[in-house]
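Biologist: I have a structure open and would like to learn how to read it. Could you walk me through some of its features?

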Amino acid sequence: MVAYKMDLVKSVIGRTSFGIWDLLNAGADPFGAAVRAKWEAEDAIRLLGKLGVPRVSLHDIDVGLDPWVLPNEGAMRPRVGELKACLKESGVRVWMYTPCLFHNPLVRAGSVTSNDARVRRMALRKMLLALDMAEEFGASWVTFWWGRDGAEVDALIDSRVAFERFADALRIACAYVRKRGCKVRISIEPKPNEPRGDIYTATVGTALGLIGMLPAEDRDLVGVNPELLQHEGMAGLNCYHAIGLLIAAGKLSFLHLGGQTPLRYDQDHPFLVGNSCLKSSFYIALAVAKHAPDCVVEFDCHPLRTEAGDDAREEFVMVNLEALGLMMEKAQAFLKHPQVKEILGEADSRGFGIAADPDKNLDAFLKELRAETDYAERVNSVSAAANPRAQALDRLVNMHLLGRL
Ligand code: GLT
Ligand code: MN
């Protein structure tokens, strides 16, 4: 039995959530069969309750609520009741509800971006039904991950039309939220590829661009949940920049977290597992510690396939919590460290060192901006005086992460 560092676990558990699919995952991959016992949704909810995790997110398809395999909507009722009872008993609440728009053969050439209006209609219907279900379960978010909306053969779908089709569906979903007076908000989850050769909503930037296509009243209802390190990391993108962009844009709905080696398939390793996770994960924790203290962190990953024992799932939950606690502790301590503070000083300041406010008096601002007329000389003097000290900071990051600061 591992003696987990419970102080670390306790320091973060209240802000966490787990995708139910993390725990239902039995370890099957495209090359090999399941290695862990088959679990039902209730088993997963009970484990989270037992360990004190306050939230879980539900996929319609994982919890017996996939409208595409049920005869009608009425057939969902009894199952909703069963799940609610289990959630209540376990003291776990639903954080996010998500319609599976990627499993059924129906959406093999796209869901809301399909060229076939009948498919688009069914996908939209499923999206709206997910909003109803989220409301029913008291969830805060509905995530749309359009994992089958993409291409191997770009001749099939006009890429401009594809994005217009997303915007059409999102506008209707937003109007529906407003009409119903739902408390639920919508979150887009980007991913660059897998299962499609290329997925349209590829990156955090793509998702923001799509939100920007919506009318202002709809934009307020939609955020983005990045999956870090996995989804941005698969494309070799910088996860710290992705989270920074979302926070600056006020669009970070919540975080999906896990471990990933850059430029590989979607590994969904537990947080901090993998040879190149440490620094990227630290920087994510730094962004959360500094700017997103209330952000819910949802683990979207699964136990390693090497772990087949009865306690594999419990261990998975605990190591993720402990690793998050560790990284948050590291991030907070780094921010407080005198050597770091000494180097960074006022590094986070904004503006241009000009007294006039450009938003209030642009002329005065421009006058000051143009006052320094000694061009080349000033370039040289400012450049010589500037001392960003990146190397010194990297040394401190390394010393801190490896316990010598
Ligand atoms: C799927 C995917 C995840 C998404 C889920 C929510 S579906 O499991 O791998 O990254 O978050 O739509
Ligand atoms: Mn995810």
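**Reading the model step by step**

Modeller: Happy to! In this structure the manganese ion (ligand 2) is held by Glu189 (OE), Glu227 (OE), His256 (ND1) and Asp300 (OD), at 1.9 to 2.3 Å. Please keep in mind that this is a predicted model.

Biologist: What spacing do the donors of the manganese ion (ligand 2) follow along the chain?

Modeller: The pattern reads E-x37-E-x28-H-x43-D. Take two of these residues: His256 is in strand β10 (residues 255-257), while Asp300 is in the loop between β11 (297-299) and α12 (312-336), so this pair ties together parts that are 44 residues apart in sequence.

Biologist: And are His256 and Asp300 buried or exposed?

Modeller: The cut-off to remember is that buried means under 20% relative accessible area. His256 has 0% relative accessibility, so it counts as buried. Asp300 has 7%, so it counts as buried too.

Biologist: What do the angles say about the site of the manganese ion (ligand 2)?

Modeller: The site has six donor atoms with angles of 71 to 163 degrees among them, and it is classed as irregular.

Biologist: Let's turn to the sheet. How do strands pair in general?

Modeller: Strands of a sheet pair through backbone hydrogen bonds, and the pairing is either parallel or antiparallel. In this model, nine strands form an open sheet with parallel pairing, in the order β8-β6-β4-β3-β2-β1-β11-β10-β9.

Biologist: Which strands stand at the edges?

Modeller: Those are β8 (222-224) and β9 (227-228); each has a single partner strand, so one side of each is left without a neighbour in the sheet. The partner of β8 can be followed through its bridges: three of them join β8 to strand β6 (residues 185-188), running parallel. Within that pairing, Ile186 has Val222 in β8 as its bridge partner.

Biologist: Can we step further into the sheet?

Modeller: Of course. β4 and β6 are parallel and share four bridges, with Val142 standing opposite Ile186 in β6. β3 and β4 are also paired in the parallel sense, over two bridges, and there Tyr97 has Val142 in β4 as its bridge partner.

Biologist: What lies between β3 and β4 in their β-α-β unit?

Modeller: Helix α5 (residues 117-137) does, and together with β3 and β4 it makes a right-handed β-α-β unit.

Biologist: Where do the side chains of a regular strand go?

Modeller: In a regular strand they alternate between the two faces of the sheet. Strand β4 (residues 141-144) is a good case to look at: Trp141 and Thr143 are on one side, Val142 and Phe144 are on the other, and all are buried, with both faces of the strand covered.

Biologist: I can also see many aromatic rings. How many aromatic pairs are there?

Modeller: The count comes to 15 aromatic pairs. As an example, the rings of Trp95 and Phe254 have centres 5.9 Å apart and planes at 80 degrees, so this pair is edge-to-face. Trp95 belongs to strand β3 (residues 93-98) and Phe254 to the loop between α10 (239-248) and β10, so the pair ties together parts that are 159 residues apart in sequence. Trp95 is buried at 9% relative accessibility, and Phe254 is buried at 0%.

Biologist: Could you show me another ring pair?

Modeller: Try Phe163 and Tyr200: their ring centres are 5.8 Å apart and their planes lie at 70 degrees, so the pair is edge-to-face. Phe163 is partly exposed, with a relative accessible area of 23%, whereas Tyr200 is buried at 9%. Ring pairs also link Phe144, Trp146, Phe163, Phe166 and Tyr200 into a cluster.

Biologist: Where do charged ends sit over rings?

Modeller: The charged end of Arg55 sits over the ring of Trp95, 5.4 Å from its centre. The charged end of Lys126 sits over the ring of Trp68, 4.6 Å from its centre.

Biologist: Finally, which backbone details should I look for?

Modeller: Look for cis peptide bonds. One joins Glu194 and Pro195, with omega about 10 degrees, and Pro195 is in the loop between β6 and β7. Another joins Leu228 and Leu229, with omega about 5 degrees. Then check phi: Asp268 has a positive value near 50 degrees although it is a residue other than glycine, and Asp268 is buried, with a relative accessible area of 13%.

Notes. Residues numbered from 1 in each chain as written. Chains lettered and ligands numbered in written order. Heavy atoms only, no water. Donors = N, O, S within 2.8 Å, 3.2 Å for Na, K, Ca; no water. Tetrahedral: all angles 85-135°; square planar, octahedral: opposite > 155°, others 65-115°. Buried < 20%, exposed > 50% of the residue type's maximum accessible area, 1.4 Å probe, protein only. Phe/Tyr/Trp six-rings, centres within 6.5 Å; stacked < 30°, edge-to-face > 60°. Lys NZ or Arg CZ within 6 Å of the ring centre and 35° of its normal. Pairing = 2+ DSSP bridges. Right-handed = clockwise from strand over helix to strand, strands pointing away.
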